[in-house]
Amino acid sequence: MNMTFNVKEPYVFKTELCKLFYKYGADKCPAIRHSYSPEYYTLLKEYKSQFTDILEIGVGNDCQLRYVFEYIPGASLRAWRDFFTDANVYGIDIDKNVLFEEERIKCFYADQSKEEELENTIRDIEKYTNNKNQKFDLIVDDGSHIISHMILSFKILSKYMRINGIYIIEDIKKEDIDRFKNIELPMGIEIIKVYEGKDSQDGFIAYQRLDFPGETFRIKDFVRGVCCLDYFICCLDLGTNKRLLSGKSHPGSLIRKV
Ligand SMILES: C[S@@+](CC[C@H](N)C(=O)[O-])C[C@H]1O[C@@H](n2cnc3c(N)ncnc32)[C@H](O)[C@@H]1O
């Protein structure tokens, strides 16, 4: 693809993901539109050779992406495939004209506003992969960007996240971000990044299914303490049974009382 953007600032190609999104014409990078790719790189680089199943809502069409020169549907799917070296990438779209199949990429039809269609599509993917318990490591919602659709899709598809799996909802307006912060989260899923972006259309939120969700540590004799396990830190007050703090820790940390 011959892209003709006049890119002067070196920062726009700061990460491998910036380069890949640009190469294929996906607007997730600063050289084209959104400032997501450096943030995504920080979130995802540790999983580069670990994630094996990626699902994105929104294959892309040249009508919606007319500001991208010679846009070809599937731009971000191709970038994910190249970045996650061992992953299969599945695309979902309401527009049947943009569905395609190529090396490690397969697209399926679904309208993300319809619970039944999303579930049917998961069954179709299960048939395709011959895996009745298909789960995903990364799910990206870059579809209709209508809030009710985004929330419904999260409710349905978050059930299919693997442990450590990440679910990203893109293009959230600043004024709407609180709605996504306040979604009732299924057990084990936590917000890991709220990104408000450089302008009002440039926000995303990322959730992750944690290996050791805070609730796991609600044990009787653990009164007011800090518990660190690989990748997870949780600070509880069992007098009130409230989680005071939780988040990622460094691998190899030990349990410590305070
Ligand atoms: C912004 S484009 C996706 C761009 C693509 N992810 C990329 O970066 O190259 C949004 C896509 O969402 C699809 N879409 C819109 N409404 C949808 C819906 N209700 N369900 C599924 N897909 C939808 C559109 O057909 C379009 O292809």
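Two residues are in contact if their C-beta atoms, placed from the backbone, lie within 7 Å. The model used here is predicted: local features need pLDDT of at least 70, side-chain atom pairs count only at pLDDT 80 or more, and totals for chains, interfaces and linings use all residues. Residue numbers start from 1 along each chain as its sequence is written.

**Exercise 1. The whole protein**

Task: State what share of the contacts between residues at least 6 apart in sequence joins residues at least 24 apart, then count the helices and strands.

Solution. Start with the contacts between residues at least 6 apart in sequence. Of these, 54% join residues at least 24 apart. Next, count the elements. The protein has six helices and 11 strands. Helices (H or I, at least four residues) and strands (E, at least two) are DSSP runs, numbered from the N terminus. Last, look at burial. A residue is buried if 20 or more other C-beta atoms lie within 10 Å of its own, exposed if 12 or fewer, and partly exposed in between; C-beta atoms are again placed from the backbone. Of the 258 residues, 36% are buried.

**Exercise 2. Helix 1 and its two partners**

Task: Find which residues of helix 1 are buried, and describe how helix 1 packs with helix 3 and helix 2.

Solution. Step one is burial. Helix 1 spans residues 16-24. Its buried residues are Leu17, Cys18, Leu20, Phe21, Tyr22 and Tyr24. They pack against helix 2 and helix 3.

Step two is the geometry with helix 3. Two packed helices are described by the angle between their axes and the distance between the axes. Axes are lines fitted to C-alpha atoms, for helices over the stretch in contact, and angles run from 0 to 180 degrees between N-to-C directions. Helix 1 and helix 3 pack at about 140°, with axes 8 Å apart. Angles under 35 degrees count as roughly parallel, over 145 as roughly antiparallel, 65 to 115 as roughly perpendicular and the rest as oblique. Helix 1 and helix 3 are therefore oblique to each other. The crossing is right-handed. A crossing is left-handed if the near helix is turned anticlockwise from the far one by less than a right angle, and right-handed if clockwise.

Step three is the contact itself. From helix 1 come Glu16, Leu17, Leu20, Phe21 and Tyr24; from helix 3 come Ala75, Ser76, Arg78, Ala79, Asp82 and Phe83. This contact has seven nonpolar, one polar and three charged residues. Ala, Val, Leu, Ile, Met, Phe, Trp, Tyr, Cys and Pro count as nonpolar, Asp, Glu, Lys and Arg as charged, and the others, Gly among them, as polar.

Step four repeats the work for helix 2, residues 36-44. The axes of helix 1 and helix 2 come within 8 Å and cross at roughly 130°. That makes helix 1 oblique to helix 2. Helix 1 passes helix 2 in a right-handed crossing. Glu16, Leu17, Cys18 and Phe21 of helix 1 meet Ser37, Pro38, Tyr40 and Tyr41 of helix 2. The classes here are six nonpolar, one polar and one charged.

Step five is the end of the helix. Gly25, just after helix 1, has a positive phi of about 85°.

**Exercise 3. Around the ligand**

Task: Say how many residues surround the ligand and which elements give two or more of them.

Solution. Use the cut-off: a residue is near a molecule or strand if its C-beta atom, placed from the backbone, lies within 6 Å of it. The ligand is surrounded by 26 residues, and the closest are Gly58, Gly60, Ala75, Ser76 and Ser144. Strand 1 (53-57), helix 3 (75-83) and strand 2 (88-93) each give two or more residues to this shell. Sorted by class, the shell holds nine nonpolar, 10 polar and seven charged residues.

**Exercise 4. Two residues with positive phi**

Task: Are Arg104 and Asp171 buried or partly exposed?

Solution. Take Arg104 first. Arg104 sits in the loop between strand 3 (101-102) and strand 4 (105-109). Its phi is near 60°, a positive value in a residue other than glycine. Arg104 has 18 C-beta neighbours inside 10 Å, so it counts as partly exposed. Now take Asp171, in strand 6 (residues 161-172). Phi of Asp171 is also positive, near 60°. Asp171 is buried, because 22 other C-beta atoms lie within 10 Å.
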